[in-house]
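Colleague: I have this model open in the viewer and would like to talk it through before I go back to the bench. Could you take me around it?

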Amino acid sequence: FMGLKLKATSEGVFYGLPEGVYRAAPGLSQSMIKPLAISPGHFQEARANPAKATAVMFFGRIAHHLLLTPKLPKFWAVRPMEFDLRSPAGKAWKNANYGKAWVDWETWTNICGAVTAAAKHPVVAAALKNGKREVSWFRFYKHGKAKVRRRGRIDLVTPGAALCDFKFVEDAREHSFSKQVYDLKYYLQGAYYLDGYN
């Protein structure tokens, strides 16, 4: 797939599709329909002015990378603890890591802890060992003469009847995560992926 574009008519499940190819391909993703569920105006606004990545989202992106695609090049650099960026060594470090996102040492420690805890869980470990990572799907939804291509990218597809999507949270207690499922509309993502993949 490297260097290629996915045809606008392509449909099905794709293994090993680079993220850049998936992102560049046309199609309606679950993140797009969340504002659409509020109103068409919200959808247009979200498309015209995408939300900036938050610290929490950045944490999740790095953790996702470490857990699922650790062999791909890192897009970040960890700032050494108690490091003066104004010193000669600090300036050299900045130059060496130009263009990368910087992560402070405390955040990096927390990310590593979260990824290690997830990877050591017996169910997660088995899924990572036997599953297919970063699986992309494209399906057409048809209504009369109108049709729209939907798309999704699943973190992990297991050999059994499970699609996995990893969420890194500050509070994993059931009542707290249940609230997050509702607030961030994870239930919508789950239904969208199950329907599209199946």
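Modeller: We can go from the overall make-up to the sheet, then to a pocket and two loop residues, keeping in mind that this is a predicted model.

Colleague: Fine, so how many helices and strands are there in the protein?

Modeller: The protein has nine helices and six strands, and its C-alpha atoms fill a box of roughly 65 × 40 × 35 Å along the principal axes. Of the 198 residues, 32% are buried, and among contacts with a separation of 6 or more, 59% are made by residues 24 or more positions apart.

Colleague: What is the order of the strands in the open sheet?

Modeller: The open sheet has four strands in the order E1-E4-E5-E6, with antiparallel pairing. Strands E1 (12-14) and E6 (163-164) stand at the edges with a single partner strand each, so one side of each has no neighbour in the sheet.

Colleague: And over how many bridges do E4 and E5 pair?

Modeller: Strand E4, residues 132-143, and strand E5, residues 146-157, are joined in the antiparallel sense over 11 bridges; one example is Lys142, whose bridge partner in E5 is Lys147.

Colleague: Which strands do helices H4 and H9 touch?

Modeller: Helix H4 (residues 55-68) packs on the sheet against E4 and E5, and its direction makes about 115° with that of E4. Helix H9 (residues 186-197) also packs on the sheet, where it touches E1, E4, E5 and E6, and its direction makes about 105° with that of E5.

Colleague: Changing topic, what volume does the second largest pocket have?

Modeller: Its volume is about 270 Å³, and the residues that line this pocket include Phe59, Ala114, Asp165, Lys167, Glu170 and Phe177. Helix H6 (residues 105-120) gives the largest share of the lining, three residues.

Colleague: How do the lining residues divide into nonpolar, polar and charged?

Modeller: Nine are nonpolar and three are charged, while no polar residue is found in the lining of the second largest pocket.

Colleague: One last thing, which residue between E2 and H5 should I look at for its backbone?

Modeller: Look at Glu82, in the loop between strand E2 (76-78) and helix H5 (88-96), which has a positive phi of about 50° although it is not a glycine. Most residues other than glycine have a negative phi. Lys185, in the loop between helix H8 (174-183) and H9, also has a positive phi, of about 60°.

Colleague: Are those two buried or exposed?

Modeller: Glu82 is exposed, with a relative accessible area of 79%, whereas Lys185 is partly exposed at 22%.

Technical notes
Residues are numbered from 1 along each chain as its sequence is written. This is a predicted model: local features need pLDDT of at least 70, side-chain atom pairs count only at pLDDT 80 or more; totals for chains, interfaces and linings use all residues. Side-chain values use heavy atoms; hydrogens and water are left out. On a 1 Å grid over the protein atoms alone, a cavity is a set of points where a 1.4 Å probe fits but cannot get out, and a pocket is an open set with protein on both sides within 12 Å along at least five of seven lines; lining residues have an atom within 4 Å of a point. Grid points are joined across faces, edges and corners, and a volume is the space filled by probe spheres set on the points. Helices (H or I, at least four residues) and strands (E, at least two) are DSSP runs, numbered from the N terminus. Ala, Val, Leu, Ile, Met, Phe, Trp, Tyr, Cys and Pro count as nonpolar, Asp, Glu, Lys and Arg as charged, and the others, Gly among them, as polar. Two strands pair if DSSP finds at least two bridges between them. Contact means heavy atoms within 4.5 Å. Axes are lines fitted to C-alpha atoms, for helices over the stretch in contact, and angles run from 0 to 180 degrees between N-to-C directions. Buried means under 20% relative accessible area, exposed over 50%, partly exposed in between (1.4 Å probe, protein chains only).
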